[in-house]
Amino acid sequence: MKNKTELLLLLIVLIFTNSGFAQQGNSVAPKATTAETTLSFWDIPELKDAFVDAVPSDEKDDIPVGKLGIDGGDKAMIIKLAQEIANNKLDPNDSFLIAYKGKLLFESYYRKGRINLPHFQASATKAYTCLALGRVIQLGYLTMSDLDKPLISFLKDLDPTKFVEGIEKITLHKAMTMRSGIRISKEQRKAFEKTPAQLKGQKQVQTFLEHSAPITSASQGFLYQDDPRLVMQIIEAVVPGTAKDFIKKELLDKLGVTTYGWETDVNGLPVSASRSSMTSRDMVKWGILTANKGKWKGEQLVPEAFITKATSRILLTGDDDVYGGGTNVSNQGYGYYWWSADLKYDDKSYFCVSAQGGGGQYIILIEELDLVIVVTSHENDNSTLQIVAERILPAFAK
């Protein structure tokens, strides 16, 4: 009997190895070499074999770890899913991680994924900007009631005599839900870019508010545009020092995020809507912070009330306006730069919120199951939420 068991285990290993898939346990995840960390993301060589670990290692990074199947989840289901990703039967991923009840239970890397290599975040950056504003509120530089005040009341370097009509309708709440109502044509934007000096600091806001079409109730519908720039301008205006230093000191340092990228916008501030880079494990940290209602290691970094509002379904956007749709994904909506949707499994719907970036970066939270799912990719076909509904919910919904 013992020999038969050993032969079966050997057969499983051979199958996985021959398919470019090597399941690991307490082993070292792939790391970018010193030379590779200097390369453009697009020049990073692809892994020869996928790395899959159902017993993630303790990297001393303040992320508690556990064992898939022992501390939760159906190990066989998740391993099978990882094998299909490795064998290119599903959308290509660079990484795929699962935290359950605050513990990292599953970690995998494919293609350009490395444990120590920040992955570009695209629009997932908006969620970090959201949490930065929440940190501003936690420290008292703004209040929750300030979310409903005119945005221009916080920006003192503007000349309101040149504004178009209706600017007072733009609040932080409106800007956080992509409903500033600012409407500027592509031709206008191209003209602005020819004289970047007029976009430095609050001059950028001045330019937008001078050249927009009038702000009306009709124009303040949902439009996925660069409203996060307005939010970053507010952060810069109300915190001591700069927004860049504030975000580093009060969020990144608090979370222990040390290996990252965050580019500078033409206005001189951190880019608010995209162009940050985070490791997959640090994305898990952002997810756990949000899932814990703004708490990290016992400290309230972001107000619970702000997190609740930011991750609520403030408005419905329609099923075609969100990455990662599918037949089991419905009621897609938007909060403060966090998307929301209902995921269906076994005649039950689970509310999820997610930070999402073009190409396939996700931080997915399912509060009812205490799940945080992180996915990175650079060419994902946006079926991630559908895969979560079909393949991950069954492994944890008992």
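## Aromatic pairs

Is Phe-246 buried or exposed? In this predicted model, Phe-246 is buried, with a relative accessible area of 6%. The ring has company, too: Phe-246 pairs with Tyr-141 in an edge-to-face arrangement, at 6.2 Å centre to centre and with 80 degrees between the planes. Tyr-141 sits in the loop between helix H3 (125–138) and helix H4 (172–176), while Phe-246 belongs to helix H8 (residues 243–255), so the contact ties together parts of the chain that are 105 residues apart in sequence. Tyr-141 is partly exposed, at a relative accessible area of 35%. Searching the whole structure turns up 14 aromatic pairs.

Tyr-224 and Tyr-334 make another edge-to-face pair, with 6.4 Å between the centres and 80 degrees between the planes. Here the loop between helix H6 (203–211) and helix H7 (228–238) supplies Tyr-224, and strand E11 (residues 329–334) supplies Tyr-334, so this pair ties together parts 110 residues apart in sequence. Tyr-224 is partly exposed, with a relative accessible area of 32%, whereas Tyr-334 is buried at 0%. Both tyrosines belong to one aromatic cluster, together with Phe-222 and Trp-339.

## Charges over rings

A couple of basic side chains sit over aromatic faces. Lys-112 lies over the face of Phe-41, at 5.8 Å from the ring centre. Arg-189 is placed over the face of Phe-208, at 5.9 Å from the ring centre. Keep Lys-112 and Phe-41 in mind, as both turn up again in the lining of the second largest cavity.

## Strand E3 and its partners

How many residues of strand E3 (residues 95–100) are buried? Six of its six. In a regular strand, side chains alternate between the two faces of the sheet. In E3, Ser-95, Leu-97 and Ala-99 point one way, with Phe-96, Ile-98 and Tyr-100 pointing the other way, and all of them are buried.

E3 pairs with strand E4 (residues 103–109) in the antiparallel sense, over six bridges. Ala-99 stands opposite Leu-104 in that pairing. The hairpin of E3 and E4 has two residues between the strands, and Lys-101 there takes a positive phi near 50 degrees. E3 also pairs with E15, again antiparallel and over six bridges, and this puts Leu-97 opposite Val-374.

## A three-stranded sheet

Elsewhere, three strands make an open antiparallel sheet in the order E5-E7-E6. Strand E5 (119–120) and strand E6 (260–262) are at the edges with a single partner strand each, so one side of each has no neighbour in the sheet. E5 and strand E7 (residues 276–278) run antiparallel and are joined by two bridges. His-119 of E5 has Met-278 in E7 as its bridge partner. His-119 also helps line the second largest cavity.

## Cavities

The structure holds three cavities of 30 Å³ or more. The largest encloses about 120 Å³ of space. Its lining has 14 residues, with Ile-85, Asn-93, Val-375, Thr-384 and Ile-387 nearest the centre. Helix H2 (75–86), strand E15 (371–376) and helix H11 (384–396) are the elements that give two or more residues to this lining, and H11 gives the most, with four. By class, the lining comes out as nine nonpolar, four polar and one charged.

What is the volume of the second largest cavity? About 50 Å³. Phe-41 and Lys-112 are among its lining residues, and so are Ser-95, Tyr-109, Arg-114, His-119, Ser-280 and Thr-376. This lining has four nonpolar, five polar and two charged residues.

## The largest pocket

Which residues lie nearest the centre of the largest pocket? They are Glu-59, Asp-61, Ile-115, Thr-279 and Asp-282, out of a lining of 15 residues. The pocket holds about 300 Å³ of space. Sorted by class, its lining divides into two nonpolar, five polar and eight charged residues.

Notes. Residues are numbered from 1 along each chain as its sequence is written. This is a predicted model: local features need pLDDT of at least 70, side-chain atom pairs count only at pLDDT 80 or more; totals for chains, interfaces and linings use all residues. Side-chain values use heavy atoms; hydrogens and water are left out. Rings of Phe, Tyr and Trp (its six-membered ring) pair if their centres lie within 6.5 Å; planes under 30 degrees apart count as stacked, over 60 as edge-to-face and the rest as tilted. Buried means under 20% relative accessible area, exposed over 50%, partly exposed in between (1.4 Å probe, protein chains only). A charge sits over a ring if NZ of Lys or CZ of Arg is within 6 Å of the ring centre and within 35 degrees of the ring normal. On a 1 Å grid over the protein atoms alone, a cavity is a set of points where a 1.4 Å probe fits but cannot get out, and a pocket is an open set with protein on both sides within 12 Å along at least five of seven lines; lining residues have an atom within 4 Å of a point. Grid points are joined across faces, edges and corners, and a volume is the space filled by probe spheres set on the points. Ala, Val, Leu, Ile, Met, Phe, Trp, Tyr, Cys and Pro count as nonpolar, Asp, Glu, Lys and Arg as charged, and the others, Gly among them, as polar. Two strands pair if DSSP finds at least two bridges between them.
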